[in-house]
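Me: I'd like a close look at one part of this model. Keep it brisk, and connect that part to the rest where you can.

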Amino acid sequence: MQFNFFMNDVVNTARQEMVEAGYEQLQTTEEVDTALSKEGTTLVMINSVCGCAGGIARPAAAYMKNYETRPDRFVTVFAGQDKEATAKAREYFTGYAPSSPSFALLKDGKIMTMVERFEIEGHEPIQVVQKLEKAFDEYCK
């Protein structure tokens, strides 16, 4: 019982960090389809309770809201929590294996690039920020 309370607290904190950073939570398949099929650019942050990588990805995600060149939308799905929404989002990430936490940049509903877990875990947040900045500069003009 204690473990469930602990995990609920961890999940709620991770969710709240993304909401406070200005990301829209997508918790249903319908919300995912609506958001990811829109024209323009969308950054999807695939959130995770993974301590190491999540603790790097969420600060990087928050920072990206301040970058001069930005996508039209910032959204998030929560792997392991909102399973159907996450599975639906991953249908848009063709060519990439499931990875969380991670970032997917879409343009007009098509995947342009991803920053996968292996590019987050063991790295500094600034290194993740630099990868995202490069993607924003290339696809969000």
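Which residues of helix α4 (residues 83–91) are buried?

Reply: A caveat comes first: this is a predicted model. Now the helix.

The buried residues of α4 are Ala 85, Thr 86, Lys 88 and Ala 89. Their arc around the axis is only 160°, so they sit on the same side of α4. Turn to the other side of the helix and you find Lys 83, Glu 84 and Glu 91, which are exposed. Thus α4 has a buried side made up of Ala 85, Thr 86, Lys 88 and Ala 89, and an opposite side with Lys 83, Glu 84 and Glu 91 exposed.

Look at Lys 88 next. This lysine is on the buried list of α4. Its side chain meets that of Asp 33 in a salt bridge, at 3.8 Å from N to O. The two partners come from distant parts of the chain: Asp 33 is in helix α2, Lys 88 is in helix α4, and their positions lie 55 residues apart in sequence. The cut-off for such a pair is 4 Å, and the 3.8 Å of Asp 33 and Lys 88 falls within it. Asp 33 counts as partly exposed because its relative accessibility is 28%. So the bridge joins a partly exposed aspartate to a buried lysine.

The pairing does not stop with two residues. Asp 33, Lys 88 and Glu 91 are linked in a network of salt bridges. Glu 91 is one of the exposed residues on the other side of α4. The network therefore takes in Lys 88 from the buried set and Glu 91 from the exposed set. In general, side chains of opposite charge can pair when their charged atoms come close.

Glu 84 has another role in the layout. Together with Glu 24, Glu 30 and Glu 31, Glu 84 forms a negative surface patch. Glu 30 belongs to helix α2 (residues 29–36). That is the helix that holds Asp 33. Glu 30 is exposed because its relative accessible area is 55%, and the cut-off for exposed is over 50%. So α2 and α4 meet twice in this account: once through the bridge of Asp 33 and Lys 88, and once through the patch that includes Glu 30 and Glu 84.

How does this fit into the whole? The structure holds six salt bridges. Another of them joins Glu 17 and Arg 58, with the closest N and O atoms 2.8 Å apart. Glu 17 sits in helix α1 (residues 2–20) and Arg 58 in helix α3 (residues 51–64), so this pair ties together parts 41 residues apart in sequence. Glu 17 is partly exposed at a relative accessible area of 37%. Arg 58 is buried at 11%, because buried means under 20%. As with Lys 88, then, a positive residue is buried and its acidic partner is partly exposed.

A further bridge joins Arg 117 to Glu 121, with the closest N and O atoms 3.1 Å apart. Arg 117 counts as partly exposed at 25% relative accessibility. Glu 121 is partly exposed too, at 33%.

Follow the chain past α4. The loop between α4 and β4 (102–107) contains Pro 101. A cis peptide bond joins Ser 100 to Pro 101, with omega about 0°. Next comes the loop between β4 and β5 (110–115), which holds Asp 108. Asp 108 has a positive phi of about 50°, although it is not a glycine. Its relative accessible area is 43%, so it is partly exposed.

Glu 116 is placed in the loop between β5 and α5. Its relative accessibility is 16%, so it counts as buried. Glu 116 and Pro 98 are 18 residues apart in sequence, and their C-alpha atoms are 8.7 Å apart in space.

Helix α5 (residues 125–139) holds Leu 132, and Val 129 is found in α5 as well. Leu 132 is buried at 2% relative accessible area, and Val 129 at 3%. Each has a contact far off in sequence to inspect. Val 129 and Met 64 are 65 residues apart along the chain and 6.9 Å apart from C-alpha to C-alpha. Leu 132 and Tyr 67 are also 65 residues apart, with 9.6 Å between their C-alpha atoms.

Back to your helix. Its buried residues sit on the same side, and among them Lys 88 bridges to Asp 33 of α2.

Definitions and conventions:
Residues are numbered from 1 along each chain as its sequence is written. This is a predicted model: local features need pLDDT of at least 70, side-chain atom pairs count only at pLDDT 80 or more; totals for chains, interfaces and linings use all residues. Side-chain values use heavy atoms; hydrogens and water are left out. Patches are made of residues with over 30% relative accessible area and no salt bridge: like charges are joined within 9 Å, nonpolar side chains (Val, Leu, Ile, Met, Phe, Trp, Tyr) within 5 Å. Accessible areas come from the Shrake-Rupley method with a 1.4 Å probe; for residues, only the protein chains shown count as cover. The place of a charge is taken as NZ of Lys, CZ of Arg, CG of Asp or CD of Glu. Helices (H or I, at least four residues) and strands (E, at least two) are DSSP runs, numbered from the N terminus. Buried means under 20% relative accessible area, exposed over 50%, partly exposed in between (1.4 Å probe, protein chains only). The arc is that of the directions from the helix axis to the C-beta atoms.
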